[in-house]
Amino acid sequence: MSEPTLPVEITDTTAATGARDAISRLAGNPYAGPRALGANDQIFGRTREINALIDLLIAERIVLLYSPAGAGKTSLIEAHQGLRERLRVDEGFRVLPSIRVGSPGPDGVNRFLFSAMRSLENETSDPAALAGMNFSDYLTRREAAPT
């Protein structure tokens, strides 16, 4: 079964992604294509990998996912019934937001620690306040904050 084609050329990448996703859903194709799945997107065919990651996280506590861009790391974690949801719902874990460490930070501040703190705050905290903290102080403050 071939996918329907669009009658017009779409140059806006956001619109193109949305249009491609809509066409895939209309055509009965559950696979999103080359974009990361989010919490509202169902993941298919990765149950074995998710179960293995759950077992590994329980046994080792820290696991590094490393693979080329586009291999599905984010989808495996973020999708509906993915690792994040399964750890929270099925295993009872308190799951923190995903940490991205590539954001630039203010001059003189470790950009990796700064971007990790910004990720944990969902980008909502005042950057100047975070820039003045070390990671240990940040984690202590975070644990003391009401949830």
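Buried means under 20% relative accessible area. L37 is therefore buried, since its relative accessible area is 12%. This report works outward from that residue. The model is predicted.

## Overall make-up

The protein chain has 7 helices and 0 strands. Its elements run α-α-α-α-α-α-α from the N terminus on. Of its 147 residues, 22% count as buried. The accessible surface comes to about 10300 Å², and carbon and sulfur atoms hold 56% of that area. Among contacts with a separation of 6 or more, 36% join residues 24 or more positions apart.

## Around L37

L37 sits in the loop between helix 1 (13–26) and helix 2. S75 belongs to helix 3. The two residues are 38 places apart along the chain, yet their C-alpha atoms are separated by 4.5 Å. S75 is also buried, because its relative accessible area of 10% falls under the 20% limit. Leaving aside residues up to four places away in sequence, S75 touches R35, A36, L37 and I43.

I43 links several of these residues. With the same exclusion of residues up to four places away, I43 touches L37, I50, S75, L76, A79, H80, Q81 and G82. Its partners thus include both L37 and S75.

## Nonpolar cores

In soluble globular proteins, nonpolar side chains tend to be buried together. Which residues make up the largest nonpolar core here? There are 9: L37, I43, I50, L53, I54, L76, A79, L83 and L87. Helix 2 and helix 4 each supply at least two residues of this core. The largest share, 3 residues, comes from helix 2. Another core lies apart from it and has 5 residues, among them F114, M117, L120 and Y138.

## Helices 4 and 5

In helix 4, the buried residues are L83, R84, E85, R86 and L87. L83 and L87 also appear in the largest nonpolar core. The cover over the buried residues of helix 4 includes helix 2 and helix 3. Just after helix 4, G92 takes a positive phi of about 75 degrees.

Is helix 5 largely enclosed or largely open? Helix 5 is largely enclosed by the rest of the structure, because 7 of its 10 residues are buried. Those residues are F114, S115, A116, M117, R118, S119 and L120. They pack against helix 6 (127–131) and helix 7. F114, M117 and L120 are also members of the 5-residue core.

V101 lies in the loop between helix 4 and helix 5 (111–120). V101 and R111 are 10 residues apart along the chain, and their C-alpha atoms are separated by 7.4 Å. Not counting residues up to four places away in sequence, V101 touches R111, F112, S115 and A116. Two of these partners, S115 and A116, are buried in helix 5.

## Loop residues compared

The table sets out four loop residues.

| Residue | Loop between | Relative accessible area | State |
|---|---|---|---|
| L37 | helix 1 and helix 2 | 12% | buried |
| R61 | helix 2 and helix 3 | 73% | exposed |
| Q81 | helix 3 and helix 4 | 35% | partly exposed |
| V101 | helix 4 and helix 5 | 41% | partly exposed |

Backbone angles add a detail. Most residues other than glycine have a negative phi. R61 has a positive phi of about 75 degrees although it is not a glycine. Q81 has a positive phi of about 70 degrees, and it is not a glycine either. Q81 is also one of the residues that I43 touches.

## The largest pocket

How much space lies in the largest pocket? About 1300 Å³. The pocket is lined by 29 residues, and L57, V63, L96, P97 and I99 lie nearest its centre. By type, the lining divides into 18 nonpolar, 3 polar and 8 charged residues.

Several helices contribute to the lining. Helix 2 (47–60), helix 3 (73–78), helix 4 (83–90) and helix 7 (135–144) each supply at least two residues. Helix 3 gives the largest share, 4 residues. Helix 2 and helix 4 therefore serve both sites, since each also supplies at least two residues of the largest nonpolar core.

How values were computed
Residues numbered from 1 in each chain as written. Predicted model: local features only at pLDDT ≥ 70, side-chain atom pairs only at ≥ 80, totals over all residues. Heavy atoms only, no water. 1 Å grid on protein atoms, 1.4 Å probe; cavity = no way out; pocket = protein on both sides within 12 Å on 5 of 7 lines; lining within 4 Å. Points joined across faces, edges and corners; volume = space filled by probe spheres on them. Nonpolar A, V, L, I, M, F, W, Y, C, P; charged D, E, K, R; others polar. Core = buried A, V, L, I, M, F, W, Y, C linked by side-chain atoms within 4.5 Å. Buried < 20%, exposed > 50% of the residue type's maximum accessible area, 1.4 Å probe, protein only. Contact = heavy atoms within 4.5 Å. Areas by Shrake-Rupley, 256 points an atom, 1.4 Å probe, with all protein chains shown as cover.
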